[in-house]
Amino acid sequence: MKQTINIRQCGIILIMCIFANKLLLMPSLLYTNVKADGIFVTAILFLIELAIIPLIFLLKKHFPKQSLYEILKSRTGVIFTKLIYMLLLIFFLFKIILVFSITYVYFKQQIYKDEIIWIALISILPVINHSVANGIRPLARTMEIFFALVLIGFLACLGFSLFTNIELPHMFLSDIQSFFGAMYKHLFSFGDMIFLFLILDKIEIKEGEEKKVYHYAILGFILIIMLYFLYYGKYQVTSFMHNNALADILVFSVQFNAIGRLDIIAMITILFITIFQLEIFSYGFSDCFLHIFPKLNNIYSIIVFDITFLILYYFFLGKYEIMINLTSTWLTVLAVIINVIFPLILFVIYLVKRSKNEETD
Amino acid sequence: MSDFNIRKEIEKVKEELNSCIDFAYRYYKKNGQEVGLIFLKSIIDQTLLSSAIYYPLQTFQNEFTIDNLKTSIIKCADVKDIEKKDIIKEILDGKVIILTNFSLQILSVDLYKFPTRTPSEPPTSPVIQGPREGFVEDLQTNITLLRRRLKSPNMILEVVRVGSQTQTKICISYIKGIANDKVIKEIKNKLKNIKTDGIVDSYMILSFLEDKPNSLFKQIGNQEKPDVVVAKMLEGRVALIVDNSPIVLTIPFVFIEDLQNSNDYYTNHHYSSLVRVIRLLGLLIAIIAPGFYLSMQIYHYNILPLNFLVTIANTTQGLPFTPFLEILFIFLLFQILYEVSLRLPSYLGLATSIVGALILGDTGVKAGLISPPGVIIVALSKIALYTIPEEASQITVLQLVFLFLGGSLGIIGITCGAIYIINYLNSIDSFGTPYLAPYGPKISSDLKDGLFTEPIQKMKNRPKSFSPKNKERV
């Protein structure tokens, strides 16, 4: 039986996708490029990404109950579809490595103060494998249950950060070239909503419920912009030095320390968000794998994922600097294909279908 | 006159029952008319046998006919015709079989009587307010307890027999027009497919009914109180009453049920909500506290407030065990004491508590083997376990799992463990009902009886989680 998710669960997945990779290192990386204008880079890239949501609804309306694979196959042929899925598979794999690398640095520096790669791998890999094996519905329900906790944790981090001196960040300091350069350079860190295309046929939408998804998207956007604003406002010119934004906005607060060291709030919030993101991307990887190799089952996709991930991470991309460098060079090309060209192809498919429908009418 | 040879038939039955010591028969002959009675004296009411069958047979003056026997001679309400092949089954059910040489009809008279308990308050479900009656081991009594509370012609009671040797009666009880047909059908199918020689308690059929029988978590509810079972049937659930068991199973089951208690519905709903939140907190403390304490002590001591950190550092200084072994040692000590106290006679229980809690605990701390914070954390976790006594066994296993996760992997291990378990629970469906409903998925209308409760008059609809046929409570 096909597993389906409701619109609320879809919205929560969307928020996790919006958070992906933007809570820890991203603000400081953007600051290096465009100073506090990183807020605008994020806002513009988010708005571009947001265009995916109406496209999803249009596709669902015109191709009811059809999966992305079926839509692409019927319009572009098997070879092109498998090629797209192969690119999506690579996209999700590197997303996982990126999220893991950045979070691992946070674990190592802030929590364990030691090299803990095996602890992280032993803890996280079985959880994401188990989640992939169970399917999208338990994954969405789990996020639904923990969503309130994540949201409270996030808001608490933002709220406690207000106990320190926060000034208005100095904005509009970057030139137009570096501004768009930064947008291009960090394109790979956006576009996570693409995941929703993969579960197109699994989302159950009742009439009039579409707006709920926009509510979740706007909530996610506001939280991210608030985080960047508070982060740049707090650290000003030293913003490039602090690699763990959500955790770092909490420190140096007198009132905060008086309550006790409540770093645990940021720690747990980041952990939950990270694991959910890894689960989402890992599910995306598995879904692509199963469409490329339809004769294989979930177990194979999990084994292939684990082996590929471990080899790539352990031998090639273990240092997050290498991964960051890769995301702003080679992976940007992939990001352009997946984040821009791929939705455009789907938009064209939709237009063709619509014109055919109109002709039939 | 028929050619029925009563004596021969009695001998045959006796042989089939392997001449068991409680096998008994009586034989009457009058004017060439013969009447034979067969029964097992251990499971019938012998006083009633004398007054309702023996005496009328002896004193009846006219000619016996089968109609006479049925209508005027036998002074019992439950007299029925049976087929020859059912004789053994009926005898084993506590019936008296009546054979005659003047008719081929065989009569079965229900004189079943077992030694049974009177319904009393179940030891594991005491209440401050509300009914105190609990189920007993007798199926008939249990049905009576339900019937007394549910005077509806739509209450259906269907009996199936399970177990090739025990032939245990299982009564499927539900309210027609409310319970979901799919669930009823699935239950009947599963019961039909049970292949075993015996069922001696309702717990024994759980693994045959559950979708994930190897799971740590129960997927079928168990209740000891008739008022609770009736309330659940009114929500659209199906009850399984197993003969010889005081535990009635309810299907489907959702996890939130363990946080609910019948007492919640008989007190103020604000207080009920508070109590449910406390139960949930108790559950979380019970599962996570020892592992979390360990992870803080081993990996994340910088997060602890300074005063608390100093206290821990002072008290753990010089301990021969590592923090992990220390907590594990205290945990095992508590578990051993618990097991001992369960099985010891009550007069020894107090002595064990004194030896365990006072002597072992206090001396252990004074001897520098264990630290006071360690004892407090494990004790707190063990006490919190009993905010939800129904889940005590599962929680104990989870305590140990989280102890290992916290001790070996720190906070990452605990978070991953929590996500893993919730994801696993979300993959369970109890007869089509999501296990973590109404929170995963969120079903807004069912939240009225979730962690926070609302007054009964506001619960106008039956829970959607169970897909009842009739959704409105009218």
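## Loops, sheets and a contact in a predicted two-chain model

Reader: Which loop of chain B does S19(B) lie in, to begin somewhere specific?
Author: This is a predicted model, and S19(B) has a positive phi of about 50° although it is not a glycine. Most residues other than glycine have a negative phi. As for its place, S19(B) is in the loop between helix 1 (6–16) and strand 1 of chain B.

Reader: And is S19(B) buried or exposed?
Author: Count the C-beta neighbours: S19(B) has 9 of them inside 10 Å. The cut-off for this class is 12 or fewer. So S19(B) counts as exposed.

Reader: What about F431(B), buried or exposed?
Author: F431(B) also shows a positive phi of about 50° without being a glycine, and its place is the loop between strand 11 (429–430) and strand 12 of chain B. Within 10 Å there are 23 other C-beta atoms, and the class in question starts at 20. So F431(B) is buried.

Reader: Where in chain B is P252(B), the residue after that cis bond from I251(B)?
Author: The peptide bond from I251(B) to P252(B) is cis, with omega near -5°. Most peptide bonds are trans. P252(B) sits in the loop between strand 10 (248–251) and helix 9 (269–298) of chain B.

Reader: Which residue does a cis peptide bond join to G440(B)?
Author: Omega for this bond is about 5°. The partner lies in the segment after strand 12 (433–434) of chain B. That partner of G440(B) is P441(B).

Reader: On to the sheets. Which are the edge strands of the open sheet of 5 strands in chain B?
Author: Its strand order is 1-2-4-5-3, with antiparallel pairing. An edge strand pairs on one side only, and this picks out strand 1 (23–30) and strand 3 (79–82) of chain B.

Reader: How far are neighbouring strands of this sheet turned against each other on average?
Author: The sheet is the open one of 5 strands in chain B. Ignoring direction, the average turn between its neighbouring strands is 25°.

Reader: How many bridges join strand 1 of chain B to strand 2 of chain B?
Author: These two strands run antiparallel, and one facing pair is Y28(B) with V35(B) in strand 2. In their hairpin, with 2 residues between the strands, N31(B) takes a positive phi near 50°. The number of bridges between strand 1 and strand 2 of chain B is 8.

Reader: Following strand 2 to strand 4 of chain B, what is the bridge partner of L37(B)?
Author: Strand 2 (residues 33–40) and strand 4 (residues 95–100) of chain B run antiparallel and are joined by 4 bridges. On the strand 4 side, the partner of L37(B) is I98(B).

Reader: How many of the 8 residues of strand 7 of chain B are buried?
Author: Strand 7 (residues 168–175) of chain B pairs antiparallel with strand 6 (residues 155–162) over 8 bridges, and the bridge partner of L157(B) there is S173(B). Strand 7 is also joined by 4 bridges to strand 9 (residues 238–242) of chain B, where C171(B) stands opposite I241(B). Strand 7 is mostly covered, and the count of its buried residues is 6.

Reader: Now chain A: is it as compact as a globular protein of its length, and what is its radius of gyration?
Author: Chain A has 17 helices and 0 strands, and 48% of its 361 residues are buried. The globule rule gives 21 Å for that length, and the value for chain A is close to it, so chain A is as compact as such a globular protein. Its radius of gyration is 20 Å.

Reader: Which helix of chain A gives the largest share of the side that touches chain B?
Author: The contact takes 30 residues from chain A and 24 residues from chain B. On the side of chain A, these divide into 17 nonpolar, 8 polar and 5 charged. The largest share, 9 residues, comes from helix 7 of chain A.

Reader: Last one: which element of chain A has the lowest mean pLDDT?
Author: Chain A has a mean pLDDT of 89, and the model scores ipTM 0.93 and pTM 0.91. Where pLDDT is low, the predicted coordinates should not be read in detail. With a mean of 55, the lowest among the elements of chain A is helix 13 (residues 254–259).

Conventions. Residues numbered from 1 in each chain as written. Chains lettered and ligands numbered in written order. Predicted model: local features only at pLDDT ≥ 70, side-chain atom pairs only at ≥ 80, totals over all residues. Pairing = 2+ DSSP bridges. Axes fitted to C-alpha atoms, helices over the stretch in contact; angles between N-to-C directions. pLDDT = per-residue confidence, 0-100. Contact = placed C-beta atoms within 7 Å. Nonpolar A, V, L, I, M, F, W, Y, C, P; charged D, E, K, R; others polar. Rg over C-alpha atoms; globule rule 2.2 N^0.38 Å.
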